[in-house]
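Colleague: I would like to learn how to read a model like this one. Please take it feature by feature.

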Amino acid sequence: MSAPDRNADNLARLNAALSQRFGDAPEIVAGNDFLARISAHRSHRAFKDEAVDPKLIRQVCAVALSAPSKSDLQQRDIVIVSDTMLRKKLNALMPDMEWLPKAPALLVVCGNNRRQRQLHEWRGRNFANDHLDAFFNAATDAAIVLGWLVLAAEAAGLGCCPLSVIRNRAQQASDLLGLPGHVFPYAGLALGWPAGEGYISPRLPLAATVHTDRFDDARLRDLVEGYDKRRRYRSQRYEAEYGRAAEYGWSEDKARQYSKSERAAFGAFVRKKGFNLG
Ligand SMILES: Cc1cc2nc3c(=O)[nH]c(=O)nc-3n(C[C@H](O)[C@H](O)[C@H](O)COP(=O)(O)O)c2cc1C
């Protein structure tokens, strides 16, 4: 492909992905292969029966750990699950993810505030930040690395799906992975060679999520109603209890989801890890 053709192709792919993603896609003014690829992101939950080279997994980890980190504190780590028995035990902690056992690889991204505290011990310096920020910054660093792991994996042609369900049984996951105090599982990441194309999941319109100068959600209800029409689901959550809705979009799905308590014990787990959340 010639350079002008490649440029036109990148612009067209970017435009196609963002138009599918948003009802109010922005005008495309800059395009390249990287932007086109990340705009077409999709989670994958079905994989070919083909192993992923452990060297590739390590490379993907290295790329992801090149992400920015709050104050360069680097308060996040990745556990690569390689042991078959351990993997089975971790799968069993996430029984709702019935597709997970067929995912060739599993990583666990952890927040790690332990290392910082060790530095204080070694350097004989008081640790004066034993409050919510210590947990928040480690969780933020872990979240950034999870995002970059997704980007790196997809750029390598892999498919992946984050797994916050690992926190449903955070203590058991922590015990299995040998996580010490001030280290907590943030999310799993299932990885493999995608079995299919997957699909671009529509997002809320930019009118609802990108603000200029001042936060403004005055039109939110209308915008969500419009989004609901673009965002349809194959199955309905808790149908036995809430019935089958004729129109079932994002707002109904999310309201049904959070009508049930999720991870109510996570705060207690984090406190037990030694974090002071005050
Ligand atoms: C922090 C985080 C945790 C997630 N946890 C789960 C999970 O436990 N199970 C799951 O199937 N998907 C999980 N996902 C994937 C989301 O459901 C998915 O990103 C979302 O539906 C949008 O779809 P897309 O990634 O294909 O655009 C998670 C995503 C993130 C960012």
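Modeller: Start with a helix pair. In this predicted model, α3 and α6 are oblique to each other, because their angle falls outside the ranges for roughly parallel, antiparallel or perpendicular.

Colleague: How is such a pair described in general, and at what angle do α3 and helix α6 pack?

Modeller: Two packed helices are described by the angle between their axes and the distance between the axes. Here α3 and helix α6, residues 132-155, pack at an angle of about 130°. Their axes are 8 Å apart. The crossing of α3 and α6 is right-handed.

Colleague: Stay with α3. Is Val60 buried or exposed?

Modeller: Count neighbours. A residue is buried if 20 or more other C-beta atoms lie within 10 Å of its own. Val60 sits in helix α3. It is buried because 28 other C-beta atoms lie within 10 Å.

Colleague: And why does Cys61 count as buried?

Modeller: Cys61 is also found in helix α3. It has 20 C-beta neighbours inside 10 Å, so it counts as buried.

Colleague: What separates Val60 and Ala156 in sequence and in space?

Modeller: Compare the two separations. Val60 and Ala156 are 96 residues apart along the chain, and their C-alpha atoms are separated by 7.8 Å. Now take Cys61 and His211. They are 150 residues apart in sequence and 33 Å apart in space, C-alpha to C-alpha.

Colleague: How many residues of helix α5 are buried?

Modeller: One, among its 10 residues. Helix α5 spans residues 114-123 and is hardly covered. Look at what comes next, too. Gly124 follows α5, and its phi is positive, near 65°.

Colleague: What sign does phi have in most residues other than glycine?

Modeller: Most residues other than glycine have a negative phi. Gln74 has a positive one, near 55°. Gln74 lies in the loop between α3 (54-64) and β1 (76-81). It has 16 C-beta neighbours inside 10 Å, so it counts as partly exposed.

Colleague: What is phi at Arg263?

Modeller: Near 55°, a positive value in a residue other than glycine. Arg263 belongs to the loop between α11 (250-257) and α12 (266-272). Arg263 counts as partly exposed because it has 13 C-beta neighbours inside 10 Å.

Colleague: Where is Ala265 found?

Modeller: In the loop between α11 and α12. With 14 C-beta neighbours inside 10 Å, Ala265 counts as partly exposed. Ala265 and Gln171 are 94 residues apart in sequence. In space they are 9.6 Å apart, C-alpha to C-alpha.

Colleague: One more loop residue. Where is Lys48 found?

Modeller: In the loop between α2 (33-39) and α3. Lys48 is partly exposed, with 14 other C-beta atoms within 10 Å. Its C-alpha atom and that of Lys102 are separated by 8.6 Å. Along the chain, Lys48 and Lys102 are 54 residues apart.

Colleague: Now the ligand. Which residues surround the ligand?

Modeller: List the shell, then sort it. His41, Arg42, Ser43, Met97, Leu146 and Cys161 are among them. The shell also includes Pro162, Leu163, Ser164, Val165, Ala187 and Ser201. By class, it has seven nonpolar, four polar and one charged residues.

Colleague: Which strand gives the most to the shell around the ligand?

Modeller: Strand β3, residues 159-163, with three residues.

Colleague: Last, the domains. Into which domains is the protein chain divided?

Modeller: Domain 1 covers 1-40, and domain 2 covers 54-198. Use centres to place one against the other. The C-alpha centres of domain 1 and domain 2 lie 31 Å apart.

Methods: Residues are numbered from 1 along each chain as its sequence is written. This is a predicted model: local features need pLDDT of at least 70, side-chain atom pairs count only at pLDDT 80 or more; totals for chains, interfaces and linings use all residues. Helices (H or I, at least four residues) and strands (E, at least two) are DSSP runs, numbered from the N terminus. A residue is buried if 20 or more other C-beta atoms lie within 10 Å of its own, exposed if 12 or fewer, and partly exposed in between; C-beta atoms are placed from the backbone. A residue is near a molecule or strand if its C-beta atom, placed from the backbone, lies within 6 Å of it. Ala, Val, Leu, Ile, Met, Phe, Trp, Tyr, Cys and Pro count as nonpolar, Asp, Glu, Lys and Arg as charged, and the others, Gly among them, as polar. Domain bounds come from an automatic or database domain assignment. Axes are lines fitted to C-alpha atoms, for helices over the stretch in contact, and angles run from 0 to 180 degrees between N-to-C directions. Angles under 35 degrees count as roughly parallel, over 145 as roughly antiparallel, 65 to 115 as roughly perpendicular and the rest as oblique. A crossing is left-handed if the near helix is turned anticlockwise from the far one by less than a right angle, and right-handed if clockwise.
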